[in-house]
Amino acid sequence: MEFFWISIAGLCTVAILSFLYSDNPLYKVAEHFFVGIAAGYVVCAEFYNVFLPNLWRPLTSGSDYWLIIPLILGIALFTRFSDELGWISRWPMSVIIGTYSGLAVIGFASGDMVLQVQASLIPVFEPATISTFSSEPSVLNFLQIFRNPLFTLGLICVLFYFFFSVEHKGGLRHIATTGTTLLMIGFGAGYGYTVMTRIALLFDRFYFLFVEWLKIAA
Amino acid sequence: MKREIPILITLVFGVFMIVQFFIPHPAVNDIANRLQNWAIIVISFSYVLGSANILRINGELVYRRAPGWPYKLVLVIAFFTMATPGLILGIAEGSWTNDRLFTFTYVPLASTMYASLAFYIASAAFRAFRVRTWQASVLAITALIVMLGRIPVSHFIWQDLPGIVDWIMGVPNAVAQRGILIGAALGAIATGLKVILGIERSYLGRE
Amino acid sequence: MANTTLQKLEKLDRRWVFLAMAIAVAAPLFFKLGLAPKTTPPVKAFYDYIEQLPPGSRVLCSFDYDPGSKAELNPMCVSVLRHIMLKGHKPVILTLWSTAPALIERNINEVCRDEFGKQYGVDYVYLGLKEGREAVMVAMGKSIRSTFPTDFYGTPLDNLPLMNGVENYSSFALLINVSAGYPGTKEYVQYVTSRFAIPMLSGSSAVSVPEYSAYFQSGQLRGLLTGITGAAEYEALIGKPGLAITAMDGQTMGHFVIIFFILFGNLIFFINRRSKGRA
């Protein structure tokens, strides 16, 4: 029985990979099956993890009658399917939009802006890095000399690149270009790490196919 | 009624989310906590709405025998194959939906869907990753160093390579990301305030 | 003649590229190389932070990923649970991703129950899923009980000894997040770590690592597991080799193939461009 189900998983894997050769009915069946299963699973997960514990049980046990409000708002979302009553769904949408907008203002301000700026409030240059490099010359110690200048002046260059109220010409162009160069380093690192993720996922699939299913590799 | 009440709801919820941070009084906290729990419930409904919408659109296509309807039928059948036993028997370990359907269909399908991107990234590396400008070459060189430096044989290639990658990630990359984070934070704060104050209303639609 | 071959190569059917990629990544399954990575500072910091916690510390774990990113993050999730168990800490686990509950539950049962023989409710608790993303994160800062009235199995939190006295983030020594994206590490950093003053470690999909490096540098993250390589380093540190270390051979080959394609693609491009210029 177990092998039957593992074979189903194997066929699902092969069906999706078959798209690499060309689009075909097997892939389309797998693709639609995937969406259907995912949609069905989400409904079950929400039912058992939110609807029952956070809404239904407290409401029916009488511990919190105020929950009738989110229940009505939740049901009101489904008026989107109606042309005449669709406007009612704006009310629950506003609950979601209002909550997240308010949370985002504080979250981005306290978590991202303040602390990230604070982390760059350091001396522009750290003389100790020079003496470290002099006593122990190495590539890494040489690179460390640029640490503080990059975190302070480099950050200003990156931020200036995003500042479009002034035209980037003359001397200012060099500041923006330095910012762009740093951004390119960031994007290059991003590309390298994206490759890492994709290959990890692919290896996992091959591991499943050849080791767990077909058992032709150890 | 159709626009004013939603704007008012957005204002009340948005303001309480901000006020609770600045005024940590129990009364404010209680109201904010209640509003947050309501939002959690409403969001949960929105996920069910999303699933219902997929079902409605595909169900209609099957009913009208639109082109490709057999595939849509597969989707509808898959939905009920998961949702019906899932809602009746549960989705915890030991249930058929979890141990069989989820583990042996959803997991391999989702994993392979994302894994196949590795092939396209390889294809793009060969056919589209062109170093036409010096800035593109900075990107390419960084990518090559990072890819080489993050594999177990990196120190055989050059002893300092792993350390250089650590430096790239910890200094120039962190500087670039910090610039993006600060810029995005300013944008998010401004947009959030515009939404709460009713200046930005595009989420309400046209009428 | 040579130029014609190069021009043809530039328009090579991408399925040959796919085949090369498949062979490179799959081959190490048949011919093992046995590669293992060296520890990097973010991973060492992650390991050290858990090591220095007093035994029996309550740790809040939010495992936020789905089957699509299982390959990278499941080994991390398993290793984190193993490390926590080895040190005698007590994890309270939750997820914010709607397709995650079953994956997480399996890991918890495999490690906490089957491998270490720990008792549910006393040594570990699984709260399950809560939809609501940032709203859930902030709501837990006020009251975990009102956000999670019951655990994953429908048991009220009052009936679970480990949850006695747990009110909000202040009841935990540490927050660990294993995240594939939104909602995940970025949101916990923004909405939780500074606001509720709880130290945080992150295990992240490699795609997000460049962004999270800024958080690690600023001290908002105390440690960072960087994709599958980070997971492999961590497995080596806790002395429990698993799937991440196994993956290192295929990972290495895959990286080499991509590097080859970038260099070879550009070489052909420049040779063809030069010959077109001459013509």
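1. A residue is called buried here if 20 or more other C-beta atoms, placed from the backbone, lie within 10 Å of its own. This is a predicted model, in which local features need pLDDT of at least 70, side-chain atom pairs count only at pLDDT 80 or more, and totals for chains, interfaces and linings use all residues. Residues are numbered from 1 along each chain as its sequence is written, while chains are lettered from A in the order in which they are written.

2. In helix α1 of chain B (helices being DSSP runs of H or I with at least four residues, numbered from the N terminus), the buried residues are B:Pro6, B:Ile9, B:Thr10, B:Phe13, B:Gly14, B:Met17, B:Ile18 and B:Gln20. These buried residues pack against α2 (26-63) and α9 (172-196) of chain B and also against α4 (90-119) of chain A.

3. The helix α1 of chain B covers residues 4-22, and because its 19 residues should span 27 Å at 1.5 Å a residue, the 27 Å between its end C-alpha atoms agrees. The expected span is 1.5 Å times one less than the number of residues.

4. Chain B is divided into domain 1 (4-117 + 196-204) and domain 2 (129-170), with bounds that come from an automatic or database domain assignment. Taken over C-alpha atoms, the centres of these two domains of chain B are separated by 40 Å.

5. For chain C, the assignment gives domain 1 (2-31 + 248-278) and domain 2 (41-241), and 40 Å separate their centres, taken over C-alpha atoms. Along the principal axes, the C-alpha atoms of chain C fill a box of roughly 80 × 35 × 35 Å, and of its 279 residues 58% are buried.

Methods
A residue is buried if 20 or more other C-beta atoms lie within 10 Å of its own, exposed if 12 or fewer, and partly exposed in between; C-beta atoms are placed from the backbone. Helices (H or I, at least four residues) and strands (E, at least two) are DSSP runs, numbered from the N terminus. Two residues are in contact if their C-beta atoms, placed from the backbone, lie within 7 Å.
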